[in-house]
Amino acid sequence: MLEIDHLSILYDNSAAVEDFSLALAADEIVTLVGPTGCGKTSVLRAVAGLIAPSSGEIRIGAHRIDAKRQVPPEKRGVGLVFQDFALFPHLNVEDNIAFRLKDRAPAEHWLRTLGMEKHRHAMPDTLSGGQKQRVALARALAHAPSVLLLDEPLASLDAALKAELRWQIRLALKAAGVPAIWVTHDQTEALSVGDRMGVMRAGRLEQLDSADVCFRKPATRFVAGFLGDAAFVPGRIEAQRVHTALGDTPLGDEAYAEGAAVDVLVRPDDLSLRRATQGNSLIEWSRYEGETRLHGVRLRQGEQLLVRTNHEDQFEEGEAVDMRICAGHALALFERSAAA
Ligand SMILES: Nc1ncnc2c1ncn2[C@@H]1O[C@H](COP(=O)(O)OP(=O)(O)OP(=O)(O)O)[C@@H](O)[C@H]1O
């Protein structure tokens, strides 16, 4: 059990984390994302016991930690997995995993579960990055932590390995039933492996929700833009629909007065393109992405929007097109007066 209650962390009187609250459910994985320097690692360091809270309280099982009451890191039952693996270079794989364990059965279990059985006698410097991270994870889980903290665990691995390993890590955490905070710079990772995700900005948690809610209904324009390409198209509420120059879309469950002026969050896959000599836009550029193509499309009134289409939809630079909102779901709305 981990509860973080109104945590603030100051370094030299400068706030790195402000009023941060998070309670993890029994086997819940929460990913933490945000721009560099927003305070993600500081939250983990405070939970691990490497720094003290300046104010607020952290509860880990029966331990209560605040500015005045500290609990040494080794007594907290917190497991750590870092980007740089932090394996003991002089111990082989199985001894790394079983380090300081009286009963080696959990080490054996996680060695096998994470597919490292045939490497049990290998030394760390003979392993690939992905294998090292499996060993680090196996070691952390073999010690039965009450909570696991992962700080950029996949940052030093290549893209294909990242995609495979992040899912293996999620499955292992779920099998272990251990709650975890998983810090990452990678939006795709944050969106795919967490039960919930927290988006931080300048020390504060700006949104804490499921990935789907954060992506589709971001609490702020910052969250909208941080999690993917985002354009804000002016719209007006009329007869329970949102009307824009690119067509109209259903109104969600937000309460907006008839006639209200809004900005509609439009992502590249919410738009479609159709060749039309008198269309509302011109193709400025197109980029092949494999399964899809990304197009920079300029409205005749001036603004450029990004549109993602199937790879079969090819357009020439300068070609006239009609750009329309094609999303079937309600798009997120922001008050027109809200500051960007
Ligand atoms: N030991 C320290 N002393 C002084 N300032 C620090 C210290 N550690 C971190 N900071 C500052 O606190 C802020 C938050 O840092 P932190 O490492 O928690 O951010 P982060 O979101 O993890 O960043 P990154 O994504 O780059 O790892 C930053 O402004 C950083 O410069």
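These are my notebook entries on a predicted model, taken in the order in which I looked things up.

**Entry on the annotated domain.** I began with the record, where an unreviewed UniProt entry places the annotation "domain: ABC transporter" on residues 2–227. I then looked up the make-up of the chain over residues 2–227 and found 33% helix and 27% strand, with the end C-alpha atoms 26 Å apart.

**Entry on the ligand.** Next I asked which residues surround the ligand. I noted Tyr11, Asp12, Ala16, Gly34, Thr36, Gly37, Cys38, Gly39, Lys40, Thr41, Ser42 and His185. I also wanted to know which helix gives the most to this shell, and it turned out to be helix H1, residues 40–48, which gives three residues. Sorting the shell by class, I wrote down three nonpolar, seven polar and two charged residues.

**Entry on a sheet.** I then turned to an open sheet of five strands, whose order I noted as S15-S19-S16-S17-S18, with antiparallel pairing. Why do strands S15 and S18 each have one side without a neighbour in the sheet? I found that S15 (271–275) and S18 (304–310) stand at the edges and that each has a single partner strand, so one side of each is left without a neighbour in the sheet. From one strand to the next, I recorded a twist that averages 40 degrees.

**Entry on one strand pair.** Last, I followed strand S17, residues 292–299, and saw that S17 and S18 pair in the antiparallel sense over seven bridges. To have a place to look at in the structure, I picked Gly296 and noted that its bridge partner in S18 is Leu306.

Conventions
Residues are numbered from 1 along each chain as its sequence is written. This is a predicted model: local features need pLDDT of at least 70, side-chain atom pairs count only at pLDDT 80 or more; totals for chains, interfaces and linings use all residues. UniProt positions are given in the numbering used here, feature names are shortened, and annotations may be inferred rather than shown by experiment. Helices (H or I, at least four residues) and strands (E, at least two) are DSSP runs, numbered from the N terminus. A residue is near a molecule or strand if its C-beta atom, placed from the backbone, lies within 6 Å of it. Ala, Val, Leu, Ile, Met, Phe, Trp, Tyr, Cys and Pro count as nonpolar, Asp, Glu, Lys and Arg as charged, and the others, Gly among them, as polar. Two strands pair if DSSP finds at least two bridges between them. Axes are lines fitted to C-alpha atoms, for helices over the stretch in contact, and angles run from 0 to 180 degrees between N-to-C directions.
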